[in-house]
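Hi everyone, thanks for coming. I'd like to walk you through one model this morning, so please have a look at the screen.

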Amino acid sequence: MFEKILIANRGEIALRVIRAAREMGIKSVAVHSTADADAMHVRMADESVCIGPAPSTQSYLNKAAIISACEITGAQAVHPGYGFLSENAAFAQALEDHGITFIGPSAEHIRIMGDKITAKETAAALGIPVVPGSAGGVADFETAIGTAAEIGFPVIIKATAGGGGRGMKVANNPEELEIAFRTARSEAKNAFGNDEVYIEKYLQKPRHIEIQVFGDGKGKAVHLGERDCSLQRRHQKVFEEAPGPAITPKMRAEIGKICAEAVAKINYIGAGTIEFLYEDGKFYFIEMNTRLQVEHPVTEAIFGVDLVREQIRVAAGLPMSFEQSDLEINGHAIEVRINAEKLPNFAPCPGKVRVFHAPGGLGVRMDSALYGGYSIPPYYDSLIGKLIVHGRDRPEALARLKRALGELIVDGIDTTVPLFHALLTEPEVQSGEYNIHWLEKWLARQFGE
Ligand code: MV4
């Protein structure tokens with residue numbers, strides 16, 4: 001096992017990894033920018049290294065500085081958290097070239113899944129159901145029209161290099177397709193430096209369902225069910241739950257088996273998430289994330305596993321500490337993302353937190369790097385905490401979420417907490433009857449446009 005690992009991240013996820021490492025008897029190294037000298041992850045780690053100025057391009061994204069920090073401290077492995085360098089194949093490769101273990105999948109698997117067309121082709125070849133659409137990139141409008149004629153309107157045009165919803169265009173007829181195809185390509189060229197696009201059948205009212213998978217890198221893999229992350233605003237998740245309210249045990253077992261077998265077949269190592277759109281009882285692959293996700297705690301809650309501990313174990317060459325038959329769902333979990341944002345526009349509002357009080361009690365987990373007196377710097381993501389609740393069933397989890405939100409105090413800045421108080425009063429949230437468009441429509445109704 002590693003004696004010391006470095007965490008190439010900040011905020012709550014850095015604490016999450018430091019905690020797992022400490023429980024395993026592994027020393028932790030924090031890295032930080034000059035803006036984060038007084039951040040909680042620096043205080044909580046066993047040692048820390050300043051790797052550059054505030055902008056993340058010069059610090060948390062600075063591969064050479066992070067590798068130097070490993071060499072200075074003798075860290076044998078790097079956990080990338082999520083965001084930053086977590087899905088950067090060149091970083092995973094550079095670490096390997098320096099004899100440092102990347103706690104995550106191989107550079108090759110990161111690269112395959114980072115290209116949306118290659119990812120979809122790979123998924124299809126592995127038996128994962130995909131959205132009907134073009135076989136690969138679509139070079140000209142004639143091909144686009146041909147594909148649309150085969151699969152039928154409406155269609156959606158997506159950028160191969162896109163992700164997070166950027167560079168997508170919907171077309172309901174050939175006239176719209178001509179405009180959508182041209183604008184999608186030029187926008188993709190501008191945004192990603194790559195104008196390749198592909199076409200899919202547009203699913204009108206799907207849910208976002210993602211399957212958690214985990215591999216040992218030696219041909220063994222399991223699934224840990226699904227998360228329903230349909231409640232999103234501008235492709236940012238705000239509320240996630242497991243199990244999915246619309247997913248039956250039979251469907252879970254079927255899609256889970258397909259996903260676990262697929263990642264086993266490619267000797268995938270570590271945590272991964274296979275994202276689907278789910279409509280009318282069918283799953284359609286859209287992307288695979290080759291990292292630990294923000295919302296992993298809801299899966300940890302219902303399965304009673306520590307996913308970060310497992311990531312570190314398999315990276316060190318040890319077996320996973322469970323197999324499929326050990327994995328049973330216990331109850332229901334919900335996560336809400338607490339952001340330093342001001343409603344109704346979700347404008348980021350960094351600043352000084354005067355008082356911070358985390359909720360507690362049975363079935364409550366608060367992952368946050370806040371403390372009273374801390375100044376949230378303006379340079380990074382606005383996520384300041386995740387509140388995760390676990391109950392014996394969905395109604396209990398919802399009641400516990402309401403209770404815990406009532407205990408939470410974040411004084412001095414605006415947060416998304418009022419949004420969750422309001423959402424909890426909505427019948428569709430209470431019943432779980434929502435899709436990927438519900439939240440945006442609700443926000444438009446609440447706040448106008
Ligand atoms: C789609 C879709 C409908 N049909 N693909 C948005 C982000 C990217 N990961 C995939 N996205 C979508 N792909 C087809 N064929 C609708 C979306 C979509 C969406 C997906 C998940 C969660 C929220 C969303 C909000 C708008 C659109």
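I'll start with the ligand, then visit two helices, and finish with three single residues.

A word on the ground rules: this is a predicted model, where local features need pLDDT of at least 70 and side-chain atom pairs count only at pLDDT 80 or more, while totals for chains, interfaces and linings use all residues. Residues are numbered from 1 along each chain as its sequence is written, and side-chain values use heavy atoms, with hydrogens and water left out.

So, which residues are closest to the ligand? They are Lys158, Glu200, Lys201, Leu203 and Glu287, out of 16 that surround the ligand; a residue counts as near if one of its heavy atoms lies within 4 Å. A nitrogen atom of the ligand sits 2.7 Å from a polar backbone atom of lysine 201. For leucine 203, a polar backbone atom is 3.0 Å from a ligand nitrogen. Glutamate 287 uses its side chain instead, with an N or O atom 2.9 Å from a nitrogen of the ligand. Taken alone the ligand exposes 520 Å², and the protein buries 91% of that (Shrake-Rupley areas, 1.4 Å probe). Strands β6 (155–159), β8 (197–201) and β13 (282–289) each give two or more residues to this shell; strands here are DSSP E runs of at least two residues, helices are H or I runs of at least four, and both are numbered from the N terminus. By class, the shell has eight nonpolar, four polar and four charged residues. In that count Ala, Val, Leu, Ile, Met, Phe, Trp, Tyr, Cys and Pro are nonpolar, Asp, Glu, Lys and Arg are charged, and the others, Gly among them, are polar.

Next, helix α12, residues 394–407. Its 14 residues reach 20 Å from first C-alpha to last, close to the 20 Å expected at 1.5 Å a residue (1.5 Å times one less than the number of residues). Aspartate 393 caps the N-terminal end of α12, with a side-chain oxygen 3.0 Å from the backbone nitrogen of glutamate 396. Among the buried residues of α12 are Leu398, Leu401 and Leu405; buried means under 20% relative accessible area, exposed over 50%, and partly exposed in between, with a 1.4 Å probe and protein chains only. The partners that the buried residues of α12 pack against include β11 (236–242), β14 (332–339) and α13 (417–423), where contact means heavy atoms within 4.5 Å.

Helix α5, residues 107–114, buries Ala107, His109, Ile110, Ile112 and Met113. These pack against α4 (89–97), β5 (101–102), α6 (116–125) and β13.

Now the single residues. Where is aspartate 36? Look in the loop between β2 (27–33) and α2 (40–44). Aspartate 36 is buried, with a relative accessible area of 0%. Its side chain makes a polar contact of 2.6 Å with the side chain of arginine 10 and another, at 2.5 Å, with that of tyrosine 60. A polar contact is a pair of N or O atoms within 3.5 Å; within protein, one must be able to donate a hydrogen and the other to accept it, and residues adjacent in sequence count only if both atoms are side-chain atoms.

Leucine 224, in strand β10 (residues 221–233), is also buried at 0% relative accessible area. Not counting residues up to four places away in sequence, leucine 224 touches residues including Phe214, Phe303 and Leu327.

Last stop: proline 297, in helix α10 (residues 296–303), is buried with a relative accessible area of 1%. Leaving aside neighbours within four places, proline 297 contacts Glu335, Arg365, Asp367, Lys386 and Ile388. Thanks for listening!
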